[in-house]
Amino acid sequence: MANYQALRLALALKAFPVALRAAKVPDLELPDDDVAAFNLAPADAIALLERWQDWLSAQTNGERGCWQQRVQQQRLEHLGLAAFFVQHDTLRVPRVLAPITAHYSWSKGMKLLGLGRAQLALLPQREMRIDIDALDAELQRCRDTQQPVLLAVGVFGTTEYGTIDAIDGLVAARDRHAATGLGFAVHVDAAWGGYLATIFRNEDGSLRSLATVRESFQSFPSPAVHAAVAALGQTDSITVDPHKLGYLPYGAGAFICRDQRAMALLSEEADYVFHGATPKDYLSRYRNLGQYIPEGSKSGAMAAAVYVTHKVLPLDHRQFGQLPRQTILNTEAFHLRALRFAHEVADNAHALVPFAPDSNLVCLALNPRGNRDIARMNAFVRALHDELRCDPTLPLQFKEFFGSMTTLRPDTLGAGETARILEALDIDPASLGAGEDRDRLVILRHTLMNPYLIDRENDISYIDRYFEFLTRRVRVHAAATS
Ligand SMILES: Cc1ncc(COP(=O)(O)O)c(C=O)c1O
């Protein structure tokens, strides 16, 4: 819902200056033509919205209502996409640029909003992080063809691999292209990784330096991850899920915008009209949440739980940040242990961490030694995963460990990375094809949310125990495969 809200808000803000022009509102210094109006940078569009609100509140009561209605009737939300683009035939339906690793909610959102899935451009990645050069090339192409862009999306903690996009690169691209007349917003999907930012925050909210954050870890964060966190405050909006690394039950989601003034454009009441109508004070305004969100009334219980949690454990490194800190320490231990495991099982299998983790999610690719066929490798990993997943016919306690799986697809990976991973696993590239279980690589996926994986007091490492378990199971299944 938060990702959908980002799309809705960006579209409302993008189309609003066009409506002001169509309504012929005087005195506002409107852009010269529709193309310029549709391509304003979000900050300029918000400044224009403010000027309109001020202008409107200076009108007499009667005039105010007339102008309000006149603009309302020109808005995309009133006309609908079809009539809006017929009326403004120099404009094209805007595109959303997202990395190929983006969550499926983006596809849903494009369909819901009526923009169409075809307007979602999925950009290539490098080691599961957005390829900023490809983004830049696509933006350049959009500029050259007068193709408007609604949003550039970055993922802060990809669903399947936990990798973090160069948010700083997205922000720099936004600012560079805005200066050439291609305005768009940057949204960060930090549903998974948002709470990791607490590791990087001082109690006063300021950013901790790379060197200071690193003091707690072996190698986390990479300079790229630190730069991505540093840029979060310059993005236009962010999605964060309390039910992921916020450790809260389902039922609350967060949509955060840097400048909430544009939210008035989503209101079901025309509250952007003048200041008296809606409280300007943030908390009083959003008490009527149903005015601004796709849903209507809903329970506040989970939101209250999030609020209390953040009061008890404020979102800085000394307090809430202790939790993700432990999980990153566990991830570092897990990663190191995975490398040792690869060495230990080398006689039985090839094992590879395909991407160095940026967050507490580590994947592991495995292939029994001697096997060069992708379908057999996939069957081997699926058999391992069968031992790691819940079995509805058995009590959970019968399982020693839980883990999930995902896949790597050559069309997502690109030729270079596909070749690198196949080679490391000793898989024959010719066995990759269109057939059953031959078009992707099945891998194990470990989300290390539990901060207690290493019990230092009792000298127990559940990470060691997991790899001992996995070693045993790899040996059994490798013997069965050969
Ligand atoms: C990056 C990302 N975005 C969005 C979502 C959607 O979250 P939810 O399933 O809570 O709606 C997820 C969930 O895995 C995610 O990882």
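Helices (H or I, at least four residues) and strands (E, at least two) in this talk are DSSP runs, numbered from the N terminus. What you see is a predicted model, in which local features need pLDDT of at least 70 and side-chain atom pairs count only at pLDDT 80 or more, while totals for chains, interfaces and linings use all residues. Residues are numbered from 1 along each chain as its sequence is written, and side-chain values use heavy atoms, with hydrogens and water left out.

I'll take two backbone details to begin with. Pro221 sits in the loop between helix 10 (210–214) and helix 11 (223–231). The peptide bond joining Phe220 and Pro221 is cis, with omega about -10 degrees. In the loop between helix 1 and helix 2 (34–38) we find Lys24. Lys24 is a residue other than glycine with a positive phi, near 55 degrees. As background, most residues other than glycine have a negative phi, and most peptide bonds are trans.

Now the six-stranded sheet. Its order is 2-1-5-6-7-8, the sheet is open, and the pairing is mixed; two strands pair if DSSP finds at least two bridges between them. Strand 2 (120–123) and strand 8 (254–257) are at the edges with a single partner strand each, so one side of each has no neighbour in the sheet. From one strand to the next the twist averages 20 degrees. Axes here are lines fitted to C-alpha atoms, for helices over the stretch in contact, and angles run from 0 to 180 degrees between N-to-C directions. Strand 7 (residues 237–240) pairs with strand 8 in the antiparallel sense, over four bridges. There, Ile238 is opposite Ile256 of strand 8.

Two helices lie across this sheet, and contact means heavy atoms within 4.5 Å. Helix 1 (residues 2–22) crosses strand 1 (95–99), strand 5 (149–155), strand 6 (185–190), strand 7 and strand 8, at about 150 degrees to strand 5. Helix 8 (residues 132–144) lies across strand 1, strand 2 and strand 5, and runs at about 170 degrees to strand 1.

Next, the ligand. Which residues surround the ligand? They are Asn3, His103, Ser105, Gly157, Thr159, Asp189, Ala191, Asp241, His243 and Lys244, where near means that a heavy atom of the residue lies within 4 Å. This shell divides into one nonpolar, six polar and three charged residues. In that count Ala, Val, Leu, Ile, Met, Phe, Trp, Tyr, Cys and Pro are nonpolar, Asp, Glu, Lys and Arg are charged, and the others, Gly among them, are polar.

A polar side-chain atom of Thr159 is 2.9 Å from an oxygen atom of the ligand. For Asp241, a polar side-chain atom lies 3.0 Å from a ligand oxygen atom. An N or O atom in the side chain of Asp189 is 2.7 Å from a nitrogen atom of the ligand. The ligand taken alone exposes 390 Å², of which the protein buries 73%; accessible areas come from the Shrake-Rupley method with a 1.4 Å probe.

Last, the four-stranded sheet. This open sheet has the order 9-10-12-11 and antiparallel pairing. Strand 9 (349–352) and strand 11 (404–408) are its edges, each with a single partner strand, so one side of each lacks a neighbour in the sheet. Its twist averages 35 degrees from one strand to the next. Strand 11 and strand 12 (residues 441–447) pair in the antiparallel sense over five bridges. Met405 has Leu444 in strand 12 as its bridge partner. Helix 15 (residues 374–388) lies across strand 10 (361–368), strand 11 and strand 12, at about 30 degrees to strand 12.

Methods
A polar contact is a pair of N or O atoms within 3.5 Å; within protein, one must be able to donate a hydrogen and the other to accept it, and residues adjacent in sequence count only if both atoms are side-chain atoms.
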